[in-house]
Number of protein chains: 2
Amino acid sequence: MRQGSLRELNLALVLGRIAAAPSPPSRAALAAETGLTRATVSAVVEDLVAGRLVTEAEPTPRAGAGRPARGLVLAGDGPAGLGLEINVDYLAACVVDLAGAVRHHVVHRADLRPVSADDALGRLARLAAGARAIADEQGLTLAGAALGVPGLVDAAGQVRLAPNLGWRDVPVPELLAGHPPLTAAVDGVPALVVENEANLAALAELHAGAGPDNFLHVSGEVGIGAGIVLDGALYRGSRGWSGEIGHIPVRPDGPACRCGGRGCLERYAGQEAILSAAGLAGADLPADTAPTRLAQLAEAGEVTVLNALHEAGTALGVTAASVVNLLDLDTVVLGGGYAPLTPWLRPPMLAEIDRRVLTAAWSPVTVRPATLGATAAAVGAAGSVVRRIIARPAGWLARVGS
Amino acid sequence: MRQGSLRELNLALVLGRIAAAPSPPSRAALAAETGLTRATVSAVVEDLVAGRLVTEAEPTPRAGAGRPARGLVLAGDGPAGLGLEINVDYLAACVVDLAGAVRHHVVHRADLRPVSADDALGRLARLAAGARAIADEQGLTLAGAALGVPGLVDAAGQVRLAPNLGWRDVPVPELLAGHPPLTAAVDGVPALVVENEANLAALAELHAGAGPDNFLHVSGEVGIGAGIVLDGALYRGSRGWSGEIGHIPVRPDGPACRCGGRGCLERYAGQEAILSAAGLAGADLPADTAPTRLAQLAEAGEVTVLNALHEAGTALGVTAASVVNLLDLDTVVLGGGYAPLTPWLRPPMLAEIDRRVLTAAWSPVTVRPATLGATAAAVGAAGSVVRRIIARPAGWLARVGS
């Protein structure tokens with residue numbers, strides 16, 4: 001093995017252990033865990049500290065004699081990830097540092113349906129430039145960006161279809177290339193990754209650490225998307241187009257859907273369907289306030305709203321039962337606009353799941369709200385950048401000359 | 001790294017290359033591919049040959065001067081896998097050698113629904129003992145066994161539920177332990193693995209090499225099971241209970257199913273539903289001849305049969321559309337009793353898929369019959385044993401003293 005790649009492996013090994021450790025590990029503990037010599041660990045840590053990837057934690061007093069243990073933690077003042085999101089009625093940008101802290105977060109509300117893709121991306125670029133300026137002020141270097149969109153994205157980052165935005169074949173990277181670059185060039189970290197927003201929200205939930213290794217994360221917005229986490233990793237599918245749960249038929253002869261099918265879940269549990277069943281179709285609520293409004297009315301015992309949520313929960317339960325029968329998952333996480341509605345969606349969902357899932361008798365399925373709120377996709381996007389650096393720190397160190 | 005584990009790794013590396021090579025590789029080619037020295041490759045190959053895992057292929061004349069190249073292939077006279085299957089109306093046993101050849105295959109027809117699990121397993125043990133005797137005669141050593149059952153199997157090999165057999169909480173390994181052992185003790189190869197038969201059939205299809213890396217394999221028997229192959233590996237789920245496609249609701253308010261749900265796929269496309277719709281409910285055809293009979297009648301243009309297959313295909317298509325929307329797969333393989341009915345099931349399936357799958361416009365979904373017929377589960381079971389030996393040859397070599 002070449003010396004260079006051995007160093008790269010050791011850097012990644014040690015940094016990965018520091019990132020995963022439940023409490024700040026000492027150099028000696030890292031040597032014991034990795035099987036590397038203490039001298040090698042010290043040299044590797046020195047490189048990581050010089051590159052602002054790792055720092056010494058505040059010393060904690062140790063029981064007994066001797067110097068306090070000096071644990072190592074991920075640094076919060078080096079590289080950071082830029083997370084972006086375009087959704088039907090808002091844009092968002094956020095900055096997450098290597099230690100996982102959200103250092104900046106901004107949401108810009110605007111109905112993007114009547115706006116051209118070019119115009120929407122221009123607005124996003126301005127929002128991102130603002131986030132970059134703030135990161136600069138804080139001494140952070142944006143190493144890469146990821147953008148969540150509510151649609152199907154191909155390997156080149158082109159949005160093939162985003163039905164609720166009315167986008168078809170939008171070459172996002174090309175359109176954004178007309179704007180000033182947002183991130184530093186780092187080997188191994190793409191300047192921009194475009195990804196389905198439901199996938200990013202599921203990733204955020206996975207790394208928030210609350211969930212099990214296998215779960216379905218359902219994001220309820222104007223459309224309904226899902227991210228599938230299997231064995232602790234996002235399952236993207238052959239082309240990254242997995243999780244189109246909104247177009248799973250609930251009733252094959254049901255009402256026509258804008259996708260061309262009939263009786264899709266979106267027609268029963270999408271935000272517009274719920275608002276319409278709740279008698280709020282004309283209320284013109286922004287998508288992100290609609291769930292709060294629905295929750296308030298349900299809390300107040302408004303019968304039409306309770307019925308609308310019961311119907312939506314039943315449809316979600318039928319679909320969730322299909323997914324659990326197919327994938328043997330034990331947790332369904334309700335994200336996005338569904339999170340605040342969990343108290344009303346969960347009972348009918350569980351009723352359908354208990355009735356339809358073959359294995360529900362031995363292993364009850366958990367339905368719970370997402371840990372992160374509506375910010376999940378942007379935070380997940382920024383986190384995906386940060387994890388790329390942790391997985392391969394050599395690229396970053398080469399850039400900063402360490 | 002310890003010397004012992006280095007040898008184990010090299011054995012597995014070289015054997016894996018020989019197994020995967022499109023044509024018999026020479027020692028020199030193996031050295032070039034693996035990065036090992038030619039001396040190491042020669043020593044490793046000597047061990048593999050001595051242990052009857054590898055043999056020299058017939059020399060093929062080379063263009064130009066020099067000795068003909070002596071390629072290496074997997075041996076067909078060493079360890080072998082025993083594959084077993086219990087289904088609703090038959091038992092099967094087969095022996096597959098390391099080179100993948102089916103050396104013995106026997107199917108014993110019997111309706112097992114009125115039979116106790118203990119009795120059924122006793123019959124299976126006798127079938128397996130016969131297969132072992134034949135393997136012995138051929139100079140093969142059975143290194144392990146795998147058993148496919150149409151139900152949910154837990155990690156201990158207990159069948160939690162097999163609805164169509166009427167089994168619940170059947171401790172298969174315990175019941176089989178009362179019979180003489182069937183296989184040799186080999187480190188790293190379990191004496192018996194119990195697995196869902198639809199999963200094994202999907203594995204067989206994967207290793208038959210005809211399919212892509214991601215596909216859904218649907219086995220149509222009395223029940224309907226599915227195996228999901230993602231990224232070239234079987235996806236088993238949290239507890240191995242994935243693929244219960246037969247209980248995905250097609251119409252949530254449809255007819256009651258024996259699982260306790262309503263409108264399950266099995267009620268529309270299970271063998272009994274098809275026979276009943278075809279007016280053959282009382283015909284008392286054995287499950288394995290029913291598909292052939294249906295195909296003959298469809299071929300002859302029998303309208304009730306054509307309509308029954310159209311209805312079943314439509315229900316399969318609605319369900320397949322859900323799976324493709326969820327998992328972004330591009331191939332659905334029709335296995336078991338569905339294979340011979342593919343010409344009639346495929347058109348209505350494709351109609352539903354085209355209408356309901358969001359991405360069908362860019363990437364048409366393929367529906368095709370399985371490569372292996374009704375034998376797929378038993379062959380898949382035996383193959384899973386053989387692949388364990390290939391993945392870790394040191395266990396076998398230790399047993400034979402190489």
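Trainee: Why is the meeting of the side chains of Arg239(A) and Asp328(B) called a salt bridge?

Mentor: In this predicted model, a nitrogen of Arg239(A) lies 2.4 Å from an oxygen of Asp328(B). The term requires a side-chain nitrogen of Lys or Arg within 4 Å of a carboxyl oxygen of Asp or Glu. The value of 2.4 Å for Arg239(A) and Asp328(B) is within that cut-off, and therefore the pair is called a salt bridge.

Trainee: How many salt bridges does the rule find across the interface of chain A and chain B?

Mentor: The rule finds four between these chains. Counted over all chains, the structure holds 36 salt bridges.

Trainee: What makes the pair of Arg258(A) and Glu272(A) a link between distant parts of the chain?

Mentor: The two residues are 14 residues apart. Arg258(A) belongs to the loop between strand 13 (233–235) and helix 7 (266–269) of chain A, while Glu272(A) belongs to helix 8 (residues 271–277). Their side chains meet at 3.5 Å, N to O. Because the cut-off is 4 Å, the pair of Arg258(A) and Glu272(A) also counts as a salt bridge.

Trainee: How do you know how chain A and chain B are related?

Mentor: Chain A is superposed on chain B by a rotation of 180 degrees with 0.1 Å of shift along the axis, and the RMSD is 0.1 Å. The two copies are therefore related as by a two-fold rotation axis.

Trainee: Which residue of chain A comes closest to the rotation axis?

Mentor: That residue is Arg251(A), whose C-alpha is 2.8 Å from the axis.

Trainee: How do you know that the copies meet through the same surface?

Mentor: Of the interface residues of chain A, 100% are also interface residues in chain B, and so the copies meet through the same surface. The contact joins 43 residues of chain A to 43 residues of chain B.

Trainee: What is the area buried between chain A and chain B?

Mentor: The area is about 4300 Å², and carbon and sulfur atoms give 57% of it. In chain A, the residues that lose the most area to chain B are Leu326(A), Leu358(A) and Trp362(A), together 18% of what that side buries.

Trainee: How many residue pairs in polar contact does the rule find across the interface of chain A and chain B?

Mentor: There are 29 such pairs, with both residues at pLDDT 80 or more. Strand 8 (159–162), strand 12 (224–230), helix 10 (303–327) and helix 11 (342–356) of chain A each supply at least two residues of the side that touches chain B. Helix 10 gives the most to that side, six residues. By class, the side of chain A that touches chain B has 18 nonpolar, 13 polar and twelve charged residues.

Trainee: Into which domains is chain A divided?

Mentor: Chain A is divided into domain 1 (3–60), domain 2 (79–200 + 377–390) and domain 3 (211–370). Over C-alpha atoms, the centres of domain 2 and domain 3 of chain A are separated by 26 Å.

Trainee: How many residues of domain 2 of chain A are in contact with domain 3 of chain A?

Mentor: In domain 2 of chain A, 16 residues are in contact with 21 residues of domain 3. These two domains of chain A bury about 1500 Å² between them, 45% of it on carbon and sulfur atoms. The rule finds two salt bridges across this interface of domain 2 and domain 3 of chain A.

Trainee: What makes the pair of Arg236(A) and Glu195(A) a salt bridge?

Mentor: The N to O value for the side chains of Arg236(A) and Glu195(A) is 2.9 Å. As the definition asks for a distance within 4 Å, the pair of Arg236(A) and Glu195(A) therefore satisfies it.

Notes
Residues numbered from 1 in each chain as written. Chains lettered and ligands numbered in written order. Predicted model: local features only at pLDDT ≥ 70, side-chain atom pairs only at ≥ 80, totals over all residues. Heavy atoms only, no water. Least-squares fit on C-alpha atoms with pLDDT ≥ 70 in both. Contact = heavy atoms within 4.5 Å. Buried area = accessible area lost by both parts, 1.4 Å probe. Polar contact = N/O pair within 3.5 Å; in protein donor to acceptor, adjacent residues only side chain to side chain. Helix = DSSP H or I, 4+ residues; strand = E, 2+ residues; numbered from the N terminus. Nonpolar A, V, L, I, M, F, W, Y, C, P; charged D, E, K, R; others polar. Domains from an automatic or database assignment.
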